[in-house]
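Biologist: I should be grateful for a close look at a single part of this model, the strand that you consider best suited to a first-year student. Please then relate that part to other elements of the model.

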Protein chains: 2
Amino acid sequence: MALHLLTPPLPSSAPSSLPRRRSSPSASASLAHPLHLHSRLRLTTAISRPAPGTRRAMSAIRSSLIEPDGGALVDLVAAPDLSAALRAEAEALPRVRLAAVDVEWAHVLAEGWASPLRGFMREHEYLQCIHFNSLRLPDGGGIVNMSLPIVLAIGDADKDRIGAAPDVALAGPDGDLLAILRSVEIYPHNKEERIARTWGTTAPGLPYVDEAITPAGNWLIGGDLEVLQPIKYNDGLDHYRLSPQQLRDEFDKRGADAVFAFQLRNPVHNGHALLMNDTRRRLLEMGFKNPILLLHPLGGFTKADDVPLPVRMEQHSKVLEDGVLDPETTIVSIFPSPMHYAGPTEVQWHAKARINAGANFYIVGRDPAGMGHPTEKRDLYNADHGKKVLSMAPGLEKLNILPFKVAAYDMVAKKMAFFEPSRSKDFLFISGTKMRTFAKTGENPPDGFMCPGGWKVLVDYYNSLQTEGAPAAAPPATV
Amino acid sequence: MALHLLTPPLPSSAPSSLPRRRSSPSASASLAHPLHLHSRLRLTTAISRPAPGTRRAMSAIRSSLIEPDGGALVDLVAAPDLSAALRAEAEALPRVRLAAVDVEWAHVLAEGWASPLRGFMREHEYLQCIHFNSLRLPDGGGIVNMSLPIVLAIGDADKDRIGAAPDVALAGPDGDLLAILRSVEIYPHNKEERIARTWGTTAPGLPYVDEAITPAGNWLIGGDLEVLQPIKYNDGLDHYRLSPQQLRDEFDKRGADAVFAFQLRNPVHNGHALLMNDTRRRLLEMGFKNPILLLHPLGGFTKADDVPLPVRMEQHSKVLEDGVLDPETTIVSIFPSPMHYAGPTEVQWHAKARINAGANFYIVGRDPAGMGHPTEKRDLYNADHGKKVLSMAPGLEKLNILPFKVAAYDMVAKKMAFFEPSRSKDFLFISGTKMRTFAKTGENPPDGFMCPGGWKVLVDYYNSLQTEGAPAAAPPATV
């Protein structure tokens with residue numbers, strides 16, 4: 001995915017009285033471009049501004065800027081006083097050993113990022129996910145978005161050992177007990193169908209498939225998850241891993257009246273910063289008094305040539321230290337999910353999880369969660385499909401989607417700027433691959449591409465690779 | 001797909017006062033088997049019985065047993081007095097030549113089987129279809145089911161010829177003008193993604209892919225369809241091709257208070273008949289006075305080794321002549337759609353189209369629209385997924401789904417009967433392949449498998465193949 005940026009077409013007018021539920025594309029010719037319609041409508045139908053004098057009243061309900069999916073945030077971590085009894089119970093249960101990526105998903109589930117999901121998917125949830133990208137709530141309560149299967153695969157030996165046992169214990173990669181999965185349901189893991197419906201291709205070489213699906217077992221086990229204690233990684237970054245509830249509390253504490261989330265898995269350059277700062281400016285113009293940016297790097301599995309999490313976190317720190325982003329109005333936190341690189345399907349998950357974390361605005365750019373096709377010389381996804389699919393996705397109606405225009409390096413102004421087609425020859429597009437090549441070869445990118453402190457972090461990282469001969473891997477999760 | 005049958009677990013009680021909207025699966029352990037729940041709930045929440053004395057009042061709204069998707073049945077056939085002017089207009093437009101299967105889809109669209117769709121899909125409809133199996137209605141009007149892409153592919157030369165023209169003319173395979181497509185939108189045809197998301201595999205050898213996708217162009221053209229005149233095939237079967245409106249009128253004429261649809265693309269054997277008759281009996285027990293069966297064979301593209309439509313229609317006639325099904329309470333009509341063999345994805349289309357035709361009960365069996373995996377020795381789909389997916393599909397909430405149990409040949413009773421696991425050795429399963437092998441080799445199936453008149457049609461057909469050396473193809477559509 002190239003690091004092109006898009007600027008949101010935010011109107012400068014205040015919120016209008018249009019109905020809050022977004023309009024939908026119709027079959028008529030006049031609605032042939034639903035995205036333009038959506039983005040305009042959604043932005044003019046943002047949540048109401050607090051009226052003068054209502055600030056205290058708003059504070060009391062601040063964490064309800066946006067409701068978690070299903071109405072209540074799921075929390076599957078056992079209360080501390082129950083942990084010992086649960087551990088004793090788990091000791092006696094059939095045991096399943098998790099891979100590192102499974103632990104990341106258990107973490108995601110435990111903290112409610114996937115609310116209202118209460119554990120690894122049973123078959124009826126899995127089928128709704130892969131066919132409809134959504135889940136029905138009980139008792140006609142509507143639907144919530146759920147586009148990526150959050151499933152746990154086991155092999156024949158595990159299945160035989162579990163037999164008819166209703167509950168199983170889950171252990172981490174090192175064998176330590178992690179959780180109990182209750183009222184389990186075991187069903188076939190049709191890998192080909194799962195891959196085809198999630199990625200829209202079955203070409204070999206998809207990073208998540210190679211990491212977590214091909215080597216996994218031929219059965220899936222769903223059930224209700226109870227985690228014995230909070231999942232920690234002891235990598236020096238756990239203080240960045242705020243749960244959805246902790247984020248909501250932090251937004252309350254800061255008195256946020258709008259929260260806009262920025263998902264990323266790459267270093268922050270000045271084009272990203274331009275976009276985030278421009279979004280804040282426009283939200284202020286719309287009448288919000290205290291929009292807070294959730295800078296939310298993904299912390300789970302990423303492909304081998306992505307910049308590792310510890311390096312990215314150091315780079316993000318420098319960006320705030322250097323004043324490119326304002327620490328007063330920015331929260332940097334780690335999103336614990338693994339990365340699928342599944343484009344339009346995955347961007348829905350990225351947005352849905354941020355609803356649960358309390359963000360009511362979500363920034364989406366060119367080709368979100370995209371990458372090159374693993375076997376053909378083209379991008380895997382049409383660069384526009386991510387934001388189009390996101391704008392129409394079931395269960396995301398309450399989230400304000402902020403699509404944005406391409407930004408690039410303006411060689412005249414010597415800074416990152418929103419692309420102007422009328423003088424296209426003045427702009428330089430610097431892809432992620434190009435950026436990494438600069439850092440690897442020690443060549444400096446153009447002035448103004450990234451703050452010097454942040455750039456140095458990348459150069460040092462690539463230097464260390466050449467010295468050590470292998471990428472620094474993040475330490476595995478511990479429990 | 002084996003010709004196993006399932007009997008609906010219909011309760012013998014009258015409709016209860018449960019809410020009409022079906023309950024939905026929750027994440028709790030007790031709802032781990034949503035299908036059982038659904039089928040029971042849906043059947044006990046069927047539409048209200050007419051109370052004594054209300055028959056005349058019911059008659060007036062009979063065609064509203066179930067509303068068409070979007071509220072009004074789409075009709076895209078030009079009024080006769082406008083046909084000549086439209087034809088003159090079409091003569092002057094850039095022209096696209098359709099394949100036979102495209103004409104079948106134009107037919108499907110023109111008569112409103114895909115209501116509220118008003119033409120070949122534009123990109124926003126296509127994306128919702130492949131990602132969500134549903135379409136949003138305008139102005140917050142909810143969603144309708146739409147699981148198969150109804151799209152028209154064109155090549156580079158077509159695209160260049162069309163240029164920026166807003167409207168194009170569509171011609172049949174023989175070059176005759178068929179329709180105008182208005183306010184067109186041209187977008188990329190990513191065949192790999194379409195195939196993966198529709199079939200859950202990209203393995204070579206999928207019949208519809210080989211027929212209609214691989215040879216098709218790399219662009220899709222969407223727009224609003226206007227058909228110059230009703231599409232006819234002049235194959236002696238056009239009188240069987242009732243439109244959704246004609247079917248609704250016929251149900252009204254017969255005073256139906258329930259309509260149950262049976263989709264098939266195979267000859268009717270006594271197992272099918274057992275199921276249909278049993279469904280009728282149970283609907284009567286539930287309090288309906290006049291349930292009508294819509295025996296609705298698929299009439300569009302089928303794979304080469306399926307029994308051709310003219311033979312199937314003759315066979316169906318014999319089944320009614322022989323009294324296996326009651327002509328008084330059965331309507332035999334052709335469903336003009338092509339067949340995708342896309343299992344759980346396609347069965348939704350089969351059900352949704354029958355809503356538009358006025359059916360409020362839909363029978364679903366084992367592995368609907370399934371077939372063998374094209375390159376592996378297994379069925380392409382889990383045999384239970386079709387009815388599970390159908391029971392949870394967005395936009396089908398108003399349709400009563402009737403899943404049914406396996407039936408097979410009972411060697412003791414010498415007839416087709418619902419399978420009893422307690423005496424499984426008495427039952428013989430006769431797959432479609434086995435049935436065709438019997439007919440080809442002149443071997444008789446067990447007594448009671450199929451009525452003699454129907455069986456003779458099949459034997460004669462396979463004899464004619466051996467004589468002629470090639471299957472009899474249905475004549476192409478004419479306009």
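**A strand and its surroundings**

Modeller: In strand 12 (residues 400–403) of chain A, A:Asn400 and A:Leu402 point one way, A:Ile401 and A:Pro403 point the other way, and all are buried (under 20% relative accessible area, with over 50% being exposed and partly exposed in between, for a 1.4 Å probe and protein chains only). Strands (E, at least two residues) and helices (H or I, at least four) are DSSP runs numbered from the N terminus.

This is a predicted model, in which local features need pLDDT of at least 70 and side-chain atom pairs count only at pLDDT 80 or more, while totals for chains, interfaces and linings use all residues. Residues are numbered from 1 along each chain as its sequence is written, chains are lettered from A and ligands numbered from 1 in the order in which they are written, and side-chain values use heavy atoms, leaving out hydrogens and water.

Strand 12 of chain A runs parallel to strand 11 (residues 361–364) of chain A, and 4 bridges join them; two strands pair if DSSP finds at least two bridges between them. A:Asn400 is the bridge partner of A:Phe361. Between these strands the chain passes through helix 13 (residues 385–392) of chain A, making a right-handed β-α-β crossover: with the strands pointing away from the viewer, the path from the first strand over the helix to the second runs clockwise.

Strands of a sheet pair through backbone hydrogen bonds, either parallel or antiparallel. Chain B offers the antiparallel case, an open sheet of 3 strands in the order 14-13-15. Its edge strands, each pairing on one side only, are strand 14 (415–418) and strand 15 (427–428) of chain B. Strand 13 (residues 407–410) of chain B pairs with strand 15 of chain B over 2 bridges, and B:Asp410 stands opposite B:Phe427. Helix 10 (residues 270–285) of chain B lies across strands 13 and 14 of chain B, at about 50° to strand 14 (axes are lines fitted to C-alpha atoms, for helices over the stretch in contact, and angles run from 0 to 180 degrees between N-to-C directions; contact means heavy atoms within 4.5 Å).

Confidence also deserves attention. Chain A averages a pLDDT of 86, with 84% of the residues scoring at least 70; pLDDT is the predictor's confidence in each residue, from 0 to 100. Over residues 1–62 of chain A, however, the pLDDT is below 50. Where pLDDT is low, the predicted coordinates should not be read in detail.
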